[in-house]
Amino acid sequence: QVQLVESGGGLVQAGGSLSLSCAASGSINIINTMGWYRQAPGKQREFVAAITRGARTNYADSVKGRFTTSRDNAKNTVYLQMNSLKPEDTAVYYCNTGPQIAFTPGPYWGQGTQVTVSS
């Protein structure tokens with residue numbers, strides 16, 4: 001089992017920045033790709049960004065050029081730096097991981113953290 005604990009998030013005005021982090025614990029030896037997903041009210045959960053253990057990254061088109069994901073393998077932590085935030089970025093953001101090497105969701109999810117962008 002892997003446990004994921006997210007931190008960061010909050011309320012910010014449009015154009016502002018926020019940073020999220022997600023620390024993994026438990027069976028960390030099985031972790032490969034770590035990613036971020038988000039779910040807005042009334043919408044399905046969607047992919048935001050992901051990074052492999054070897055630091056290959058992938059981003060949703062909607063966040064390319066604005067969001068950056070990185071990770072510290074020694075700390076088993078993944079980060080999401082969000083710049084130039086827009087009201088449509090408002091959602092609950094979830095950390096995800098698993099043994100997969102592709103940019104697909106793994107079986108482990110964090111509890112989610114709210115990001116609200118006001119116009």
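Tutor: Let's begin with a term: accessible areas come from the Shrake-Rupley method with a 1.4 Å probe, and for residues only the protein chains shown count as cover. In this protein, about 5,800 Å² is exposed, and carbon and sulfur atoms supply 51% of that area.

Student: Before we go on, what kind of model is this?

Tutor: This is a predicted model, where local features need pLDDT of at least 70 and side-chain atom pairs count only at pLDDT 80 or more, while totals for chains, interfaces and linings use all residues. Residues are numbered from 1 along each chain as its sequence is written, and side-chain values use heavy atoms, leaving out hydrogens and water.

Student: How many helices and strands are there in the protein?

Tutor: Helices (H or I, at least four residues) and strands (E, at least two) are DSSP runs, numbered from the N terminus. Here we have zero helices and 11 strands, so the pattern along the sequence reads β-β-β-β-β-β-β-β-β-β-β.

Student: And what radius of gyration does the protein have?

Tutor: That radius is taken over C-alpha atoms, and the globule rule is 2.2 Å times the number of residues to the power 0.38. For 119 residues, a compact globule would come out near 14 Å, and the 13 Å of this protein agrees. Along the principal axes, the C-alpha atoms fill a box of roughly 40 × 25 × 25 Å.

Student: What share of the residues count as buried?

Tutor: Buried means under 20% relative accessible area, exposed means over 50%, and partly exposed is in between (1.4 Å probe, protein chains only). By that rule, 45% of the 119 residues are buried.

Student: What about contacts between residues at least 6 apart in sequence?

Tutor: Contact means heavy atoms within 4.5 Å. Among contacts of that kind, 54% join residues at least 24 apart.

Student: Now for charges. How many salt bridges does the structure hold?

Tutor: The general idea is that side chains of opposite charge can pair when their charged atoms come close. A salt bridge is a side-chain nitrogen of Lys or Arg within 4 Å of a carboxyl oxygen of Asp or Glu. This structure holds four.

Student: Which residues are linked in a network of salt bridges?

Tutor: Arg 38, Glu 46, Arg 66 and Asp 89. Start at Glu 46, which is partly exposed at 37%; its side chain meets Arg 38 at 2.7 Å, N to O. Arg 38 is buried, with a relative accessible area of 6%, and also bridges to Asp 89 at 2.9 Å, N to O. That pair links distant parts of the chain: Arg 38 sits in strand β4 (residues 34-39) and Asp 89 in the loop between β8 and β9 (91-97), 51 residues apart.

Student: Where does Asp 89 lead next?

Tutor: To Arg 66, in a salt bridge of 2.7 Å, N to O. Arg 66 lies in the loop between β6 and β7, 23 residues from Asp 89. Asp 89 counts as buried at 1% relative accessibility, and Arg 66 does at 10%.

Student: Last one: which residue has a phi near 75°?

Tutor: Most residues other than glycine have a negative phi. Ala 55 has that positive value, and is found in the loop between β5 (46-51) and β6 (57-59). Asn 76 has a positive phi too, near 55°. Asn 76 lies in the loop between β7 (67-72) and β8 (77-82), and counts as buried at 18% relative accessibility.
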